[in-house]
Amino acid sequence: MRRFLLLYATQQGQAKAIAEEICEKAFVHGFSADLHCISESDKYDLKTETAPLVVVISTTGTGDPPDTARKFVKKIQDKALPVDFFAHLRYGLLGLGDSEYTYFCNGGKIIDKRLQELGAQHFYATGHADDCVGLELVVEPWIDGLWAALTKHFTSTRGKEKLNGALQRASTASQRMDPVKPELLHIESRVELLRLADSGRRDSEVQEQNAVNRDQSSALIAESEPSLTHSVPPLSQASLNIPALPPEYLQVHLHEFLGQEESRASVTPVDPVFQVPISKAVQLTTNDAIKTTLLVELDISKTDFSYQPGDAFNVICPNSDSEVQHLLQRLRLTDRREHCVVLKIKGDTKKKGAALPQHIPEGRSLQFILTWCLEIRAVPKKAMLRALAEHAAGPDRRRLHELCSRQGAADYGRFVRDAHTGLLDLLLAFPSCQPPLALLLEHLPKLQPRPYSCASSNLSHPGKLHFVFNVVEFLSPTTMEVLRRGVCTGWLAMVVASILHPDTQVSPAEGGPAPAPEVPGVCSISISPRTTGFFHLPSDPAAPVIMVGPGTGIAPFIGFLQHREKLQEQHPEGHFGAMWLFFGCRHKERDYLFRDAKNMAKDVNDTLVEIISKETGVEKLEAMKTLATLKEEKRYLQDIWS
């Protein structure tokens, strides 16, 4: 079987999920993918690699490669490497980004450019997927075209091989010797129409779907607007190209729990975790402000946790307790929520390299796993919708097929991705869907800790750590009258409620999030370090600093100001540069923080380009190059949070 090396660099799991999808599809197309995280340098060697390389890489908000790619990038940027170091290498790269940020897909562009500088050549044109409009608009055709590009590569380098008919047709679509472009290879998806496990069942299923389609078309034709639960022509009458059914690989058993106390320590086994008391909480906005902004002070005096202004840290948070209970009810597992979850790999699974999810700890209860381990609010990918459709009936099944199909890409973007529709929303919207627990554990990603900027200086507040956040609130996509809060900000607001309002008690049963285990007499949360490594004050205190921070983006700059102020008190004879802070808020009277964002970062960047162009008398392109140079020299720093 023809082998290729498949590397991914991910920040929050998107690139990994796409790489795993490529790996799964490779086998169907007659290829073998050697899948690794780009940080696992001991498992591959590009210097001696003879197989084609495929890279899937995301980009951070600041335009840098993900943390997992830092060592790789540093290694290939070694100026001592000869220009033909990778002359033997043939590769294709898929970059993920968001055009609302200034440096779109820059993580992929950095690696792409450097590989070419070292002699590597494309066997397949680079793809840049935009999360602003929907990654799948580029990802799906790029993956579809990959197989013909690989086929052409192997054909040209190894001579004629025995190809199956479908791949022969795809490989003849382009006879040019230059890199194959995705748009030229968007021939026919290798995912078959309503592809099912066995051919005998396929015909009956297609007939069933066509019957459902005909029955529903007459009812829906009168509807002028589509929704999450129903479509309108032409989609409602279309034959569908849907993804192959993801292979099941987990065997789940629920055993009666032994009753031992459960700890969150197992949730993040890699990073050091500190449980710290909350010593103070202050509401910075008035009660009639559009957003509620809170400042929280943590007591880190009895821990080894250290930081400097500009650093960030992670808060380990749970899912909403009420949402977990609703999910358990919908799955008909409420009476087994305290049972211990035991996982095994299915002996007959067709999933290549199947492994137990590392983010699901052993010996924990079902409720614990749904509360602390799984991102139950994650927007389901199309593979999950395809799997859910297998456990739905009638119109629900047809609509789930539409949402995961190529023809239904626009509806998926509008009603699932852009609406931030989660698993619970889908289960409420499609009542016939009754998935097994294994499906959730296979498809739901890890519940990620939430990062926050340090908003204090350890010189001004020794043994203390401040951070600031808005309590995020939004309407449910399926039940618009239900107001939801952000996973972490809603939980934090609940935790500090007893400090802000000592006479008010709100319990999780009333809809609040799961409580944090407490240090006796005080509220506490668990945190872990997340050093940025670059977003810090200049080492030279005489250097002037200009700071721009809208809303809670002002938080790290408060730490900068406190730090410089304290240094000046300690060294009155020293020379300190001027500091300018520009910030914004909606209403001065309501949310003037500290008396008081994605688009803002791009606007600030564009404004700086205009200023440089005007003040230096150069064209806009030259001004952009100047700003890029300032960024490379770490004189222009961005700390962007979506």
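**A pocket, a threonine and a strand**

Colleague: In this predicted model, what makes you say that the second largest pocket lies between domain 1 (2-164) and domain 2 (545-633)?

Modeller: Both domains give residues to the lining of this pocket, so the pocket lies between them.

Colleague: What is the volume of the second largest pocket, and which residues are closest to its centre?

Modeller: The volume is about 1200 Å³. Of the 32 lining residues, the closest to the centre are Gly63, Asn106, Ile110, Lys631 and Glu632.

Colleague: Which helix supplies the largest share of that lining?

Modeller: Helix H19 does, with 8 residues. Helices H2 (70-76), H3 (106-117), H18 (598-616) and H19 (620-632) each supply at least two. By class, the lining has 11 nonpolar, 7 polar and 14 charged residues.

Colleague: Why is Thr151 called buried?

Modeller: Its relative accessible area is 0%. Buried means under 20%, so Thr151 is buried. Thr151 sits in helix H4 (residues 136-158).

Colleague: What makes the approach of the Thr151 side chain to the backbone oxygen of Trp147 a polar contact?

Modeller: The side chain of Thr151 reaches that oxygen at 2.8 Å. The cut-off for such a pair of N or O atoms is within 3.5 Å, with one able to donate a hydrogen and the other to accept it.

Colleague: How do you know that strands S1 (residues 2-9) and S2 pair?

Modeller: Pairing needs at least two bridges, and 7 bridges join S1 to S2, which run parallel. Among them, Tyr8 has Cys37 in S2 as its bridge partner.

Colleague: Why is S2 (residues 31-37) called mostly covered?

Modeller: Of its 7 residues, 5 are buried, and buried means under 20% relative accessible area.

Definitions and conventions:
Residues are numbered from 1 along each chain as its sequence is written. This is a predicted model: local features need pLDDT of at least 70, side-chain atom pairs count only at pLDDT 80 or more; totals for chains, interfaces and linings use all residues. Side-chain values use heavy atoms; hydrogens and water are left out. Helices (H or I, at least four residues) and strands (E, at least two) are DSSP runs, numbered from the N terminus. Buried means under 20% relative accessible area, exposed over 50%, partly exposed in between (1.4 Å probe, protein chains only). On a 1 Å grid over the protein atoms alone, a cavity is a set of points where a 1.4 Å probe fits but cannot get out, and a pocket is an open set with protein on both sides within 12 Å along at least five of seven lines; lining residues have an atom within 4 Å of a point. Grid points are joined across faces, edges and corners, and a volume is the space filled by probe spheres set on the points. Ala, Val, Leu, Ile, Met, Phe, Trp, Tyr, Cys and Pro count as nonpolar, Asp, Glu, Lys and Arg as charged, and the others, Gly among them, as polar. Domain bounds come from an automatic or database domain assignment.
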